[in-house]
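Got your viewer open? Take a moment to load the model and find the selection tool, then come along for a short walk.

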Amino acid sequence: MSTDLWPEGVDRIILDEVDSTMAEAARLAPELKRPAWIMAHRQTAARGRQGRAWQNPEGNLAATLLMRPLGGPADAALRSFMAANALFETLALHVDRTKLAVKWPNDVLLSGGKVAGILLESMGTAQGLDWLAIGVGVNLVAVPEGVQDAAFPPTSLAKHGDAVSPEEFLAELSANYATEEAIFAELGFARIREDWLKRAARLGEVITARTSREEITGTFESIDEAGNLILRTPKGAHVITAADVYFS
Ligand SMILES: O=C(O)CCCC[C@@H]1SC[C@@H]2NC(=O)N[C@@H]21
C-alpha cells in the first residue's frame, strides 16, 4: 500500500519530537476542524494504559488519531476495537497473519508477545464528546527494554516480519482505520465485533481477568455489544468492563 492511499479529509502531522502525541492531541483539539493523525519520531513522556509509562524507541510508531466523533463516550470506547482491527490488518501486510491476535481490551499480539497497544483519551460529557484521541504505539523495529508485563513480553514486527518505517506503517494504518469507520457507519458495532472476535486470542479458552477488586478465571465466551469481556464460570457469565487479562 502506498502513501497515496492516505484517506481523504484526514490531516497528517509529523513531529520530530513531542512529550506525548496524546498531550499534543489535547492541545490541538480546540482548533480541530477535521480528523488528524499526529505522529512523532520521538516522545519524551509517552503514556500507556492505566497511568503506565510507554517506551517508544526511535523507529517504532507513535501516533494519535484526533477526531470529533458523533455519539457519547460509550460509542467512543468501541473505537479501540476498530483500532485493534486496523492494526491487525496493517501488521498482516508485513508478517504471517496466523502469528497475530488481538487481546482484550486493546492490545495486538505477535507470536504471543505484545507488538502494539492502544490508548483512548477523550473530553466531553455523557451526552456528547468534544474530542477523542486514539493513541497507538507499535513496536516496528525495536523491542522496549525492562518492560514489567512479563505475561506478554514486548516483541517487534521486524523480529518476525518486515522492517517498516513509521511513515509507511502510518499511511497503511490510516487507510485501514478509515475502512473500520466506514464499516461502523454502515453496519454498526456488530460487524466490528464479529471481525475482532475472529482475531481474538484464546477465544473459547480459560483466561484470567484481574480487575481492581478481584480476579476472575473463566472461559472467554465473547465480548458484548458494548465491548465488555464475557467470562463464563461455574457461577454464570461475568461481564467485565475493565481488567488486565492473563492467559494460563
Ligand atoms: O498501554 C498501552 O498498551 C497503550 C500504549 C499507547 C502508546 C501510544 S504511543 C502514541 C501515543 N502517545 C502516547 O503517549 N501514548 C500513545
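This tour of a predicted model goes through some helices and then a sheet.

**Stop one: a helix on its own**

Select residues 166-187, which make up helix H4. You should see 22 residues, reaching 31 Å from the first C-alpha to the last, close to the 32 Å expected at 1.5 Å a residue. Now step just past the end of H4 to Gly188, where phi is positive, at about 80°.

**Stop two: bring in a partner**

Keep H4 on screen and add helix H2, residues 73-91. H2 and H4 pack at an angle of about 130°, and their axes are 8 Å apart. Oblique is therefore the word for how H2 lies to H4. Turn the view and you'll find that H2 crosses H4 in a right-handed way.

Want to see who touches whom? On the H2 side, show residues including Leu78, Met82 and Asn85; on the H4 side, try Phe169, Leu173 and Phe184, among others. Sorted by class, the residues where H2 meets H4 come to 10 nonpolar, 3 polar and 6 charged.

**Stop three: the other neighbour**

Hide H4 for now and select helix H5, residues 189-198. H2 and H5 pack at about 45° with their axes 10 Å apart, so H2 is oblique to H5 as well. This crossing is left-handed.

Show the side chains in the contact: Leu78, Phe81, Met82, Ala84 and Asn85 come from H2, while Phe189, Ile192, Asp195 and Trp196 come from H5. What classes of residue does the contact of H2 with H5 have? It has 7 nonpolar residues, 1 polar and 1 charged.

**Stop four: the sheet**

Switch to a cartoon view and look for an open sheet of 5 strands, in the order E11-E10-E9-E8-E12 and with antiparallel pairing. Strands E11 and E12 form the edges, each pairing on one side only. Ignoring direction, neighbouring strands here are turned by 45° against each other on average.

Start at one edge by selecting E10 (residues 229-233) and E11 (residues 236-240), an antiparallel pair joined by 5 bridges. The hairpin between E10 and E11 takes 2 residues. Click on Leu229 and look across: Ile240 of E11 stands opposite.

For the last pick, go to the other edge, with E8 at residues 206-210 and E12 at 244-247. E8 and E12 run antiparallel and share 4 bridges. Which residue of E12 is the bridge partner of Arg210? Select Asp244 and you have the answer.

Key
Residues numbered from 1 in each chain as written. Predicted model: local features only at pLDDT ≥ 70, side-chain atom pairs only at ≥ 80, totals over all residues. Heavy atoms only, no water. Pairing = 2+ DSSP bridges. Axes fitted to C-alpha atoms, helices over the stretch in contact; angles between N-to-C directions. Parallel < 35°, antiparallel > 145°, perpendicular 65-115°, else oblique. Left-handed = near helix turned anticlockwise from the far one by under 90°. Contact = heavy atoms within 4.5 Å. Nonpolar A, V, L, I, M, F, W, Y, C, P; charged D, E, K, R; others polar. Expected span 1.5 Å × (residues − 1).
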